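Subject: Structure handover

Hello,

Here is the structure for your files. My notes on what was found in it follow below.

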Amino acid sequence: MQSEQDAAAVEPYVGMELASGEFFPVSGSYVCVRHVDESEDTGCDMYPRDRHGALYLKGRRVPLQSPCMHRVYWRLKVIYDHL
């Protein structure tokens, strides 16, 4: 069970958004939320797996959105601090 201090330390991370090319600060489930360049939203369907969440590990580079390979923002939904 997490202590209150531990919970307060990770709470600011939940909901944060990272752009493709940055590095994940914590392991967790991230969802693809939108393109960095909003003009790419038109005619580009977000890959379904990315919209529903994918597990990424701390220290890994934030990926492009596949299959279109556009730069996107990823939002942290759940932290997996045991990974």
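pLDDT is the predictor's confidence in each residue, on a scale from 0 to 100. It applies here because this is a predicted model. The protein averages a pLDDT of 81, and 77% of the residues score at least 70. Confidence is lowest in helix 1, residues 4-10, where the mean is 54. Strand 1, residues 17-19, has the highest confidence, at 95. Where pLDDT is low, predicted coordinates should not be read in detail.

Overall layout

The protein has 83 residues, of which 29% count as buried. It contains 2 helices and 4 strands, and along the sequence these follow the pattern α-β-β-α-β-β. Among the contacts with a separation of 6 or more, 69% are between residues 24 or more positions apart. The exposed area of the protein comes to about 5400 Å², and carbon and sulfur atoms supply 52% of that area.

The sheet

In what order do the 4 strands of the open sheet lie? The order is 1-4-2-3, with antiparallel pairing. Strand 1 and strand 3 (54-56) are the edge strands, each pairing on one side only. From one strand to the next, the twist averages 45°. As general background, strands of a sheet pair through backbone hydrogen bonds, in either a parallel or an antiparallel sense.

Two of the pairings involve strand 4, which spans 72-79. Strand 1 and strand 4 run antiparallel and are joined by 3 bridges. In this pairing E17 stands opposite R75 in strand 4, and L18 stands opposite W74 in strand 4. Strand 2, residues 28-35, pairs with strand 4 in the antiparallel sense as well, over 7 bridges. Here C32 stands opposite W74. W74 in strand 4 therefore has L18 opposite it in the pairing with strand 1 and C32 opposite it in the pairing with strand 2.

Aromatic residues

How many aromatic pairs does a search of the whole structure find? The search finds 4. One aromatic pair is formed by F24 and Y30, with 4.4 Å centre to centre and 50° between the planes. This pair counts as tilted, because planes under 30 degrees apart would be stacked and those over 60 edge-to-face.

Are F24 and Y30 buried or exposed? F24 has a relative accessibility of 2%, so F24 counts as buried. Y30 is buried too, because its relative accessible area is 0%; the cut-off for buried is under 20%. F24 and Y30 also belong to one aromatic cluster together with Y56 and W74. W74 thus appears both in this cluster and opposite L18 in the sheet.

After strand 4

D81 lies in the segment after strand 4. Its relative accessibility is 55%, so D81 counts as exposed, the cut-off for that class being over 50%. D81 and K58 are 23 residues apart in sequence, and their C-alpha atoms are 9.2 Å apart in space.

Regards

Terms used. Residues are numbered from 1 along each chain as its sequence is written. This is a predicted model: local features need pLDDT of at least 70, side-chain atom pairs count only at pLDDT 80 or more; totals for chains, interfaces and linings use all residues. Side-chain values use heavy atoms; hydrogens and water are left out. Rings of Phe, Tyr and Trp (its six-membered ring) pair if their centres lie within 6.5 Å; planes under 30 degrees apart count as stacked, over 60 as edge-to-face and the rest as tilted. Buried means under 20% relative accessible area, exposed over 50%, partly exposed in between (1.4 Å probe, protein chains only). Contact means heavy atoms within 4.5 Å. Accessible areas come from the Shrake-Rupley method with a 1.4 Å probe; for residues, only the protein chains shown count as cover. Axes are lines fitted to C-alpha atoms, for helices over the stretch in contact, and angles run from 0 to 180 degrees between N-to-C directions.
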